[in-house]
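Me: Could you take me through one part of this structure closely, the largest pocket, and then show me what else is worth seeing around it? I would enjoy one connected account.

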Amino acid sequence: MSISRRKPVADSQPAVTDFSAPMTSGQTFQLSGRPARHTVLFFYPKDNTPGCTTENMAFRDLYEQFQAAGTEIYGVSRDSLRSHESFKAKLGLPFELISDPDEALCTQFNVMKMKQMYGKTVRGVERSTFIIDAAGQLVKEWRGVKVAGHVDEVLEFVARQA
């Protein structure tokens, strides 16, 4: 389960290895066969924390515009499905959250990093966003995301692709 990096061919993008993962609403996410023109996977550190709440609410607030651009949104963190269900209900999120407690997806997308928190070095999720097209190609990625303005930038990108 990894992003396969092939040698560049004219206009070729790296393919994302197919994967499945449990998500809210009793569903299973499967990358292959997604009907959306684009799939947004945004990785965030933890449910119910200030930055993660703000980021999820920003995707929620622009959800209809993403839908109009043929784009599906999925949040990913290491939190349990139980935590995700509560977080989703609390914020009224219209999209599903993927649970990755064993860090399989975090590893596949290389988002686990050493970070500084309160003066200590800790291993955690680097806030990152990936856009995958209907053919399973990675078309855009943002790493080390700052929440302010980020969701607008993602929407602008997918809207230009529509």
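Reply: Happy to; here is a walk from the pocket to the hairpin, then on to a buried histidine and the nonpolar cores. Please keep in mind that this is a predicted model.

Let's start with the pocket itself. The largest pocket holds about 280 Å³ of space. Its lining is made up of 15 residues, and those nearest the centre are P45, T49, K115, M117 and R127. Sorted by class, the lining has seven nonpolar, three polar and five charged residues. Three elements, helix 1, strand 8 and strand 9, each contribute at least two residues to this lining. Strand 9 gives the largest share, with four residues.

Two of those elements also belong together as a hairpin. Strand 8 (residues 112-117) and strand 9 (residues 120-125) run antiparallel and are joined by six bridges. K115, which is among the residues nearest the pocket centre, has V122 in strand 9 as its bridge partner. Two residues lie between the strands of this hairpin, and Y118 adopts a positive phi near 55° there. As a general point for reading such a hairpin, side chains in a regular strand alternate between the two faces of the sheet.

Next, have a look at H150, which sits in helix 5. H150 counts as buried because its relative accessible area is 3%, under the 20% cut-off. Beyond its neighbours within four places in sequence, H150 is in contact with E55, T129, W142 and V145.

Helix 5 then leads us to the nonpolar interior. The largest nonpolar core has 23 residues, and the members touching the most others are F59, F66, I73 and F95. Two or more residues of this core come from each of strand 5 (38-43), helix 1 (50-61), helix 2 (63-68), helix 3 (81-91) and helix 5 (150-161). Helix 5 provides the largest share, five residues. So helix 1 is worth a second look, since this element supplies at least two residues to the pocket lining and also two or more to the core.

F66 is a good residue to centre your view on. Leaving out residues up to four places away in sequence, F66 touches V40, F59, T71, I73, V151, V154, L155 and V158. There is also a second, separate core of 20 residues, with V16, L31, V76 and L105 among them. In soluble globular proteins, nonpolar side chains tend to be buried together.

Terms used
Residues are numbered from 1 along each chain as its sequence is written. This is a predicted model: local features need pLDDT of at least 70, side-chain atom pairs count only at pLDDT 80 or more; totals for chains, interfaces and linings use all residues. Side-chain values use heavy atoms; hydrogens and water are left out. Two strands pair if DSSP finds at least two bridges between them. A nonpolar core is a set of buried Ala, Val, Leu, Ile, Met, Phe, Trp, Tyr and Cys residues joined through side-chain atoms within 4.5 Å. Buried means under 20% relative accessible area, exposed over 50%, partly exposed in between (1.4 Å probe, protein chains only). Contact means heavy atoms within 4.5 Å. On a 1 Å grid over the protein atoms alone, a cavity is a set of points where a 1.4 Å probe fits but cannot get out, and a pocket is an open set with protein on both sides within 12 Å along at least five of seven lines; lining residues have an atom within 4 Å of a point. Grid points are joined across faces, edges and corners, and a volume is the space filled by probe spheres set on the points. Ala, Val, Leu, Ile, Met, Phe, Trp, Tyr, Cys and Pro count as nonpolar, Asp, Glu, Lys and Arg as charged, and the others, Gly among them, as polar.
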